[in-house]
Amino acid sequence: MSAPIPPDGPPDGSPAPALIAVFTTLPERAAAQALARQMVERGLAACAQISEVESFYRWDGRLQQEGEFRLLLKTRAELYAALEQALRELHPYELPAIHAQALGPVYEPYARWVAAQTAPAAPGFQREG
């Protein structure tokens, strides 16, 4: 990452925030890119990564095999509910897979960067509330 590393600690000396990785899958790369951009622009995620995957699942009683794009969003744990709501509103699937995994331990300067990017003072912050 080429962004400047924030100071070692916030002014109040509080510990780095708890971070999570939130995952979902989308049918096309363009849809994943659009959703990634919106979540970062809104300040709901500090970083988004897209990878191509092949999925097998049952839907309407039939086995499905589809190429999809996994979207991984890195954020603060306290933002999960807002991020999930935004994903549900914008996701093209009838029943999107949305799940999170706790991250830890996390390199503390990186955790602080994630916190700074998902805070109301972050550049481009547009969280709807």
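Which residue in β3 does Y57 stand opposite? In this predicted model, the partner of Y57 is Q64 in β3, and the two strands concerned are a useful place from which to read the rest of the chain.

## Overall architecture

The chain contains three helices and four strands, and, followed from the N terminus, its elements come in the order β-α-β-β-α-β-α. Of its 129 residues, 35% are buried, while the surface that the chain exposes amounts to about 8,000 Å², with carbon and sulfur atoms supplying 52% of that area. If contacts are restricted to residues at least 6 apart in sequence, 75% of them join residues at least 24 apart.

## The β2-β3 hairpin

Strands β2 and β3 run antiparallel and are joined by 13 bridges; together they form a hairpin that has two residues between the strands. The strands span residues 47-59 and 62-76 respectively, and D60 lies in the loop between them.

The backbone at D60 deserves attention, since this residue has a positive phi of about 55 degrees although it is not a glycine. Is D60 buried or exposed? Its relative accessibility is 71%, and because the threshold for an exposed residue is over 50%, D60 counts as exposed.

## The largest pocket

The largest pocket holds about 290 Å³ of space, and its lining consists of T25, S55, Y57, W59, E68, Y93, E94, L95, A97 and H99. Strand β2 provides the largest share of this lining, namely three residues. Y57, which stands opposite Q64 in β3, is one of the residues that line the pocket.

In chemical terms, the residues of the lining divide into five nonpolar, three polar and two charged; the lining includes E68 and E94, along with the aromatic residues Y57, W59 and Y93.

## Strand β4 and the cis peptide bond

Q101 has its place in strand β4, which covers residues 99-103. With a relative accessibility of 48%, Q101 counts as partly exposed. Once its neighbours within four places in sequence are set aside, Q101 is in contact with L19, I20, A21 and F23. The C-alpha atoms of Q101 and V22 are separated by 6.5 Å, although these two residues are 79 residues apart along the chain.

Beyond the strand, the peptide bond from G104 to P105 is cis, with omega near -5 degrees. P105 is found in the loop between β4 and α3, the helix at residues 108-117.

## Helix α3 and the segment before β1

Which strands do the buried residues of α3 pack against? They pack against β1, at residues 19-26, and also against β2 and β3. The buried residues in α3 are P109, A111, R112, W113, V114 and A115. As general background, an α-helix has 3.6 residues a turn, so residues three or four places apart point the same way.

P15 belongs to the segment before β1, and, with a relative accessible area of 66%, P15 is exposed. A separation of 8.7 Å is found between the C-alpha atoms of P15 and E108, which are 93 residues apart along the chain.

Definitions and conventions. Residues numbered from 1 in each chain as written. Predicted model: local features only at pLDDT ≥ 70, side-chain atom pairs only at ≥ 80, totals over all residues. Heavy atoms only, no water. Buried < 20%, exposed > 50% of the residue type's maximum accessible area, 1.4 Å probe, protein only. Contact = heavy atoms within 4.5 Å. 1 Å grid on protein atoms, 1.4 Å probe; cavity = no way out; pocket = protein on both sides within 12 Å on 5 of 7 lines; lining within 4 Å. Points joined across faces, edges and corners; volume = space filled by probe spheres on them. Nonpolar A, V, L, I, M, F, W, Y, C, P; charged D, E, K, R; others polar. Pairing = 2+ DSSP bridges. Areas by Shrake-Rupley, 256 points an atom, 1.4 Å probe, with all protein chains shown as cover.
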